[in-house]
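Hi,

Here is the structure I said I would pass on. Have a look at it first, and my notes follow underneath.

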Amino acid sequence: MRLDDETTLRAVYDDYGGELFAFARRSLGDTGLAEDAVQETFVRAWRTAGRYDHRQSSPRTWLFAICRNVVIDLMRARSVRPQLSAEQGEDLPAGNDLEGLLLGMQVEEALRRLSPEQRHILVEVHLRDRAPAEVAAELRIPSGTVRSRVFYALKALRLVLEEMGWDGD
């Protein structure tokens, strides 16, 4: 899929524009800023369309990564301006909540790209917080092998995330 084609970009906008707007609106707490965020997301997507590779991420994941950056930029710009009142700021989610949601989406997509064995070992040890010895007993392999597999699976996960545009922040 080539996103530098106007017709394709319109179709992608039709598919994801509403979802991006809802995300930006929840994140920013302002309809006008959310509209600006979606517009800027698609401008950036248009400008960087040559870098998009459908083998590395879905259009949805790629657009949400761009939108996340736009939302963060808008939040930072707004943070240097004084708030009108404390009550108006109560509806805004904390920056960490937004970043956590987006990072979770990126990690989920990255996990899908790992081999089933790598994904299984990471889910068991890190997401389910099981001890390597417990996982080793279940898989009937030495616990050192589990730790080694976790190490290499994390390394593979990091590479996939970097390919998707994650910068480690």
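Bear in mind that this is a predicted model. I began with the aromatic rings, and searching the whole structure turned up 4 aromatic pairs. One of them is Y13 with F42: the ring centres are 5.0 Å apart and the planes sit at 70°, so this pair is edge-to-face. Y13 belongs to helix α1 (residues 6-28) and F42 to helix α2 (residues 31-47), so the pair ties together parts that lie 29 residues apart in sequence.

Next, the helices towards the other end of the numbering, where α6, α7 and α8 pack on one another in pairs.

Take α6 (residues 116-127) and α7 (residues 132-139) to begin with: they pack at about 135°, with their axes 9 Å apart. That angle falls outside the ranges for parallel, antiparallel and perpendicular, so the two helices are oblique to each other. The crossing of α6 past α7 is right-handed. On the α6 side the contact uses H120, I121, E124 and V125, and on the α7 side V135, E138 and L139. Sorted by class, those residues come out as 4 nonpolar, 1 polar and 2 charged.

α7 also packs against α8 (residues 143-163), here at an angle of about 110° with the axes 8 Å apart, which makes α7 roughly perpendicular to α8. P132, A133, V135 and A136 from α7 meet S143, V146 and R147 from α8. This contact has 5 nonpolar residues, 1 polar and 1 charged.

That leaves α6 with α8. Their axes cross at roughly 110° and come within 9 Å, so α6 is roughly perpendicular to α8 as well. α6 contributes Q118, I121, L122, V125 and H126, while α8 brings V146, R149, V150, Y152, A153, L154, A156 and L157. The split by class is 10 nonpolar, 2 polar and 1 charged. If you want residues to click on, I121 and V125 of α6 appear in the contact with α7 and again in the one with α8.

How far can you trust all this? The chain averages a pLDDT of 81, and 80% of the residues score at least 70. Among the elements, α7 has the highest mean pLDDT, at 92, and helix α4 (residues 86-89) the lowest, at 48. Across residues 84-89 the pLDDT stays under 50, and the model has 0 contacts beyond four places in sequence for that stretch. Where pLDDT is low, the predicted coordinates should not be read in detail.

Cheers

Terms used: Residues numbered from 1 in each chain as written. Predicted model: local features only at pLDDT ≥ 70, side-chain atom pairs only at ≥ 80, totals over all residues. Heavy atoms only, no water. Axes fitted to C-alpha atoms, helices over the stretch in contact; angles between N-to-C directions. Helix = DSSP H or I, 4+ residues; strand = E, 2+ residues; numbered from the N terminus. Parallel < 35°, antiparallel > 145°, perpendicular 65-115°, else oblique. Left-handed = near helix turned anticlockwise from the far one by under 90°. Contact = heavy atoms within 4.5 Å. Nonpolar A, V, L, I, M, F, W, Y, C, P; charged D, E, K, R; others polar. pLDDT = per-residue confidence, 0-100. Phe/Tyr/Trp six-rings, centres within 6.5 Å; stacked < 30°, edge-to-face > 60°.
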